[in-house]
Amino acid sequence: MYLVLLGPPGAGKGTQAQVVSKELNLVHVSSGDIFRENLKNMTELGKVAQGYMERGELVPDEVTIAMIRDRLSRPDCAQGALLDGFPRTPAQAEELDRMLAELGDRVVLVPYISVPSQILVERLSGRWTCRAQGHIYHQMYNPPKQAGVCDLDGSELYQREDDKPETVKRRIEVYLEQTSPLIEYYRGKGLLVELDGTQPIEDVTETLLVEIRKVM
Ligand code: AP5
């Protein structure tokens, strides 16, 4: 079962994917996390992605598609995956359809977490992420028990470089220009379900689980 979580930067895709993947025993594939891991380890892929990520631009399609193709070909994705941050352009979406068709599979649902742009800046400027495993917090909406420390694994929390206001502004523009056409792409295929991402985190999770269970 392949699901695509769609939504602007800061909508809550990562937050929801971490909870839902555990609850439903689905593999969580986050393109942003894979790029950040490569950046941390200074791999060739990380070096290619670095400049784009720092500017809030998308990494070129051919690089991103090759990376996801490799990730989805691993045995843990054989039964499906919850995709977070991919696809992000029409070319990526079409390629995903081809990739899954080769495996005799397809995307079954696209939950679109909708949040107005003015809320996103506040969400991202208050975000803290765990160094070890990427667990996500917010200083107001989902604070850790102890400031600067992950509740789940005790590692240090940090603020992402690309969460600076000027980079966030560019990321939102890029989302509107290059990713938002996917809303109509998936609506046209009858796969889109829109969720109100301004609701509290637990309420969004509940609605998301209901929608996913309908297609399981
Ligand atoms: P990526 O890491 O995918 O970033 P993004 O899509 O911009 O999404 P975010 O991780 O910023 O937000 P999110 O929706 O996951 O929100 P979160 O749950 O953290 O990509 C980073 C970069 O990598 C890109 O800019 C690009 O360069 C590159 N890249 C990645 N994929 C690519 C692709 N396919 N093609 C090309 N390039 C690619 O929540 C945000 C905050 O809000 C948190 O603090 C959270 O606690 C809080 N929060 C969440 N939900 C709620 C709620 N309901 N109420 C209140 N607060 C909430």
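Select His135 first, in this predicted model. His135 sits in the loop between β5 (127–130) and β6. Is His135 buried or exposed? With a relative accessibility of 14%, His135 counts as buried, because buried means under 20% relative accessible area. Now display the residues that His135 touches, setting aside those up to four places away in sequence: Gln18, Trp128, Thr129, Cys130, Cys150, Leu152 and Asp153.

**The ligand and its shell**

Next, select the ligand together with the residues around it. How many residues are around the ligand? There are 35, and those that come nearest are Thr15, Glu57, Arg88, Arg127 and Arg171. Colour this shell by residue class, and it divides into 14 nonpolar, twelve polar and nine charged residues.

Three polar approaches to the ligand can be picked out one after another. Choose Arg127: an N or O atom in its side chain is 2.6 Å from an oxygen atom of the ligand. Then choose Arg88, where a polar side-chain atom lies 2.7 Å from a ligand oxygen atom. Finally, choose Gly10; here a backbone N or O atom lies 2.9 Å from an oxygen atom of the ligand. On its own the ligand has 1,000 Å² of accessible area, and the protein covers 97% of this.

Which elements each supply at least two residues of the shell around the ligand? They are α1 (13–24), α2 (31–40), α6 (117–125) and β6 (136–138). Highlight α2 among them, for this helix gives the largest share, four residues.

**Two residues of helix α6**

Stay with α6 and select Leu120, which is found in this helix. Leu120 has a relative accessible area of 1% and is buried. Its contacts, leaving aside neighbours within four places in sequence, are Pro8, Pro9, Gly10, Ala11, Val115 and Ile172. Gly10 in this list is the residue whose backbone N or O atom lies 2.9 Å from a ligand oxygen atom. A distance may also be displayed here: the C-alpha atoms of Leu120 and Pro200 are separated by 14 Å, although their positions lie 80 residues apart along the chain.

Now move to Ile119, likewise placed in helix α6. Ile119 counts as partly exposed, at 26% relative accessibility. Draw a line from the C-alpha atom of Ile119 to that of Arg69: these residues are 50 apart along the chain, and the separation is 33 Å.

**Glu95 and its partner**

Arg69 leads to the next stop. Select Glu95, which has its place in helix α5. What joins the side chains of Glu95 and Arg69? A polar contact of 3.0 Å joins them. Apart from neighbours within four places in sequence, Glu95 is in contact with Ile65 and Arg69. Glu95 is buried, with a relative accessible area of 16%.

**Backbone features in three loops**

Go next to the loop between β3 (81–84) and α5 (90–102), where Pro87 is found. Show the backbone of Phe86 and Pro87: the peptide bond that joins them is cis, with omega at about 0°.

Then select Asn25, in the loop between α1 and β2 (28–30). Asn25 is not a glycine, yet its phi is positive, at about 60°. Is Asn25 buried or exposed? It counts as exposed at 72% relative accessibility, because exposed means over 50%.

Met42 is the next residue to select, in the loop between α2 and α3 (44–55). Its phi is also positive, near 50°, in a residue other than glycine. Met42 has a relative accessible area of 37% and is partly exposed.

**Helix α9**

The last selection is helix α9, residues 201–215. This helix has 15 residues and reaches 22 Å from its first C-alpha to its last, close to the 21 Å expected at 1.5 Å a residue. Which residues of α9 are buried? Val204, Thr205, Leu208, Leu209, Glu211 and Ile212 are. To read their pattern, consider the geometry of an α-helix: there are 3.6 residues a turn, so residues three or four places apart point the same way. Show side chains for Val204, Leu208 and Ile212, which are among the buried residues of the helix. Then add β1 (2–5), α1, β4 (107–114) and β8 (192–196), against which the buried residues of α9 pack. Of these elements, α1 has already appeared as a supplier of at least two residues to the shell around the ligand.

Definitions and conventions. Residues numbered from 1 in each chain as written. Predicted model: local features only at pLDDT ≥ 70, side-chain atom pairs only at ≥ 80, totals over all residues. Heavy atoms only, no water. Near = heavy atom within 4 Å. Polar contact = N/O pair within 3.5 Å; in protein donor to acceptor, adjacent residues only side chain to side chain. Areas by Shrake-Rupley, 256 points an atom, 1.4 Å probe, with all protein chains shown as cover. Nonpolar A, V, L, I, M, F, W, Y, C, P; charged D, E, K, R; others polar. Expected span 1.5 Å × (residues − 1). Buried < 20%, exposed > 50% of the residue type's maximum accessible area, 1.4 Å probe, protein only. Contact = heavy atoms within 4.5 Å.
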